[in-house]
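I opened the notebook to go through one structure, taking in turn a helix, the nonpolar cores and the enclosed cavities.

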Amino acid sequence: MKDFRGYITALVTPFLENGKLDIKSFQKLVQLQKNAGIHGLLIAGTTGESPSLSLEERQILIKETLSITQSKIPLLVGIGSNNTDYAISLAKHAEQNGADGLLAVTPYYNRPSQKGLYAHFIQVADATSLPVWLYDVPERTGVRLSIETIERLSKHPNIVGIKDATGDLEQPIAIANLIKGFSQLGGEDALALPYFMAGGDGCISVSANVAPRLCVSMYEAWQNRDIEEAQQLQRTLFPLHKAMFMESSPSPVKSALADLGVIKEYLRLPLVAVEASSKKVIRNILKDLEL
């Protein structure tokens, strides 16, 4: 199993004006991530507008990523669905196309019980030989995994970790005490350094699309126990972290990347571009970061 630690960029999916994949911009984005020394990549996550992607588009994104990284950067693929059978089909598709690991979100909207959550993730994990990270993001899904359910799920050999976007900094401590060796990846950039300090192994990041070198430097400062440098970099990045969620994600990050000339600012409905007032804030932050 590849080691998923450090900053893992939740890549956006660039589109053309006609709504099709913008493959050239995606290639540019992945190359910039590689050049910055990013520790891992995630495609087809929420930031990648996963609900709007077809199986063929997922296959293209995986192929293009692996072509550029030469499989030297660990690759997670989002397989989230509130339909267990479809999540299983996404898991099998990602495995067949070269993913190193899978990210499975708690089923959204239908709000299953803990028993239902357990059954869902067990069936997904049974259907693949790849390592699976649970994804707990109650603000978006309307349901949260209990510590007890996480512990039960961790006994499955393929369920190796969690992306924790609960904002609860007690949880990584509790999990570390309860489940030895369970991978914990933070899901909120603004809490990345506190999450590392609470026992987290890495951060699945939106901001790293825009400032991968700064994000990598912050994590490496933490790893080298240069706490003052890590704190300074976290403070420097904090306005960007907050701005990336000032409107529905990934609209703000696509605005930033468009300003930097990496992609064009097209999204698939129901997502739309940010308001002019938000765009101004984002541009000022990019200027302050000298990006």
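**Helix 4**

I began with a check of length on helix 4, residues 114–126: at 1.5 Å a residue its 13 residues should span 18 Å, and because its end C-alpha atoms are 18 Å apart, the expected and computed spans agree. I keep in mind throughout that this is a predicted model.

Which residues of helix 4 are buried? I listed Leu 117, His 120, Phe 121, Ile 122, Val 124 and Ala 125. I then looked up what covers these buried residues, and found that the cover includes helix 3 (84–96), helix 6 (147–154) and three strands, namely strand 4 (101–105), strand 5 (132–136) and strand 6 (159–164).

**Nonpolar cores**

I turned next to the largest nonpolar core, which has 75 residues, and asked which of them touch the most other members. The residues I noted were Tyr 7, Ile 159, Phe 196 and Met 244. Helix 9, residues 212–223, gives this core its largest share, 6 residues.

I followed Phe 196 further and, leaving out residues up to four places away in sequence, recorded that Phe 196 touches Tyr 7, Gly 202, Cys 203, Met 218, Tyr 219 and Trp 222. A second core of 14 residues is separate, and I entered Leu 76, Val 160, Leu 185 and Ile 204 as being among its members.

**Cavities**

How many cavities of 30 Å³ or more does the structure hold? I recorded 2.

The largest cavity has a volume of about 60 Å³. I wrote down its lining as Asp 164, Thr 166, Gly 167, Asp 168 and Leu 169, together with Gly 186, Gly 187, Glu 188, Leu 191 and Tyr 195. Sorted by class, this lining comprises 3 nonpolar, 4 polar and 3 charged residues.

For the second largest cavity I noted a volume of about 30 Å³. Its lining is made up of Pro 14, Leu 21, Asp 22, Ile 23, Phe 26, Ile 60, Leu 61 and Glu 64. The elements that contribute two or more residues to this lining are helix 1 (23–35) and helix 2 (55–69), and the largest share, 3 residues, comes from helix 2. By class I entered 6 nonpolar and 2 charged residues for the lining of the second largest cavity, with no polar residue, whereas the lining of the largest cavity has 4 polar residues.

Conventions
Residues are numbered from 1 along each chain as its sequence is written. This is a predicted model: local features need pLDDT of at least 70, side-chain atom pairs count only at pLDDT 80 or more; totals for chains, interfaces and linings use all residues. Side-chain values use heavy atoms; hydrogens and water are left out. On a 1 Å grid over the protein atoms alone, a cavity is a set of points where a 1.4 Å probe fits but cannot get out, and a pocket is an open set with protein on both sides within 12 Å along at least five of seven lines; lining residues have an atom within 4 Å of a point. Grid points are joined across faces, edges and corners, and a volume is the space filled by probe spheres set on the points. Ala, Val, Leu, Ile, Met, Phe, Trp, Tyr, Cys and Pro count as nonpolar, Asp, Glu, Lys and Arg as charged, and the others, Gly among them, as polar. Helices (H or I, at least four residues) and strands (E, at least two) are DSSP runs, numbered from the N terminus. The expected span of a helix is 1.5 Å times one less than its number of residues. Buried means under 20% relative accessible area, exposed over 50%, partly exposed in between (1.4 Å probe, protein chains only). Contact means heavy atoms within 4.5 Å. A nonpolar core is a set of buried Ala, Val, Leu, Ile, Met, Phe, Trp, Tyr and Cys residues joined through side-chain atoms within 4.5 Å.
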